[in-house]
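Subject: Structure handover and notes

Dear colleague,

I am passing on the structure we spoke about, followed by my notes on what turned up in it. Please read them alongside the coordinates and tell me where you would put things otherwise.

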Amino acid sequence: MRWLIALLVSCASSLAADHNWEHRDIDAGQNLYADTCASCHGANLEGQPNWRSVGDDGVLPAPPHDATGHTWHHDDALLFEYTKLGGAAALQARGVSGFNSGMPAFGETLSDDEIWNILAYIRSTWPQRERDVQASRTPPH
């Protein structure tokens, strides 16, 4: 019976988390991704080579946003904040200091809806398993 309750809670959390993705314009997000993100994260969401190894400048290369990367490991709020505020500021807001992130802030060049559309496009490319795992990490509200 415990496993059934855990399964129901997990499914409910996943469904509740999906509200961030309702009514998003995936085509607009794909175009914005191509214009804004692809130069670092790759035209096919593949990221930069050796993205897990710190470069000579002390910064990790841009990770892939496809299923091979770690983007889907993070909740909706962190993905949004990371894009809007930039990596270092988003992590600082969560109590992580001293992280040398190469991710710039896009909050002054992209609207909140444009950021959500880009994230919706990225998410739309993931297999169902990754979407489910990512949704389960987003608290319902």
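Among contacts in the protein between residues at least 6 apart in sequence, those that join residues at least 24 apart make up 54%. Please keep in mind throughout that this is a predicted model. One pair of residues separated along the chain is S111 and K84, which lie 27 residues apart in sequence, with 8.7 Å between their C-alpha atoms. S111 belongs to the loop between α5 and α6, and its relative accessibility of 36% makes it partly exposed.

As for the secondary structure, the protein has seven helices and zero strands, so that from the N terminus on the order of elements reads simply α-α-α-α-α-α-α. Of its 141 residues, 37% count as buried, and the protein exposes about 8300 Å², of which carbon and sulfur atoms supply 56%.

The interior is best described through the largest nonpolar core, which has 19 residues, and in which Y33, L110, I118, L119 and I122 touch the most other members. At least two residues of this core come from each of α2, α4 and α6, and α6 gives the largest share, with seven residues. I118 may serve as an example of the packing: leaving aside residues up to four places away in sequence, I118 touches G29, L32, Y33, C37 and L110. In general terms, nonpolar side chains tend to be buried together in soluble globular proteins.

On the surface, by contrast, there is a nonpolar patch formed by V54, L60, V96 and F99, which together have about 310 Å² of accessible area. Within this patch, F99 sits in the loop between α5 (87–93) and α6 (112–124), and F99 counts as partly exposed because its relative accessibility is 35%.

You may also want to know how many disulfides the model contains. A search of the whole structure finds zero. For C37, the closest cysteine sulfur is that of C40, and because the two sulfurs are 8.7 Å apart, they are too far from each other for a bond, the cut-off for a disulfide being 2.5 Å. The two cysteines can also be described by their burial, since C37, at 12% relative accessibility, counts as buried, whereas C40, at 39%, counts as partly exposed.

Lastly, two backbone positions deserve a look when you go through the model. Most residues other than glycine have a negative phi. H23, however, has a positive phi of about 60° although it is not a glycine, and L45, likewise a residue other than glycine, has a positive phi near 65°. H23 is found in the loop between α1 (2–17) and α2 (26–36), while L45 lies in the loop between α3 (38–41) and α4 (76–85). Which of these positions is buried and which is exposed? H23 is exposed, because its relative accessible area is 80%, whereas L45, at 5% relative accessibility, counts as buried.

With best wishes

Notes: Residues numbered from 1 in each chain as written. Predicted model: local features only at pLDDT ≥ 70, side-chain atom pairs only at ≥ 80, totals over all residues. Heavy atoms only, no water. Patch = residues over 30% accessible without salt bridge, like charges linked within 9 Å, V, L, I, M, F, W, Y side chains within 5 Å. Areas by Shrake-Rupley, 256 points an atom, 1.4 Å probe, with all protein chains shown as cover. Salt bridge = Lys/Arg side-chain N within 4 Å of Asp/Glu carboxyl O. Helix = DSSP H or I, 4+ residues; strand = E, 2+ residues; numbered from the N terminus. Buried < 20%, exposed > 50% of the residue type's maximum accessible area, 1.4 Å probe, protein only. Core = buried A, V, L, I, M, F, W, Y, C linked by side-chain atoms within 4.5 Å. Contact = heavy atoms within 4.5 Å.
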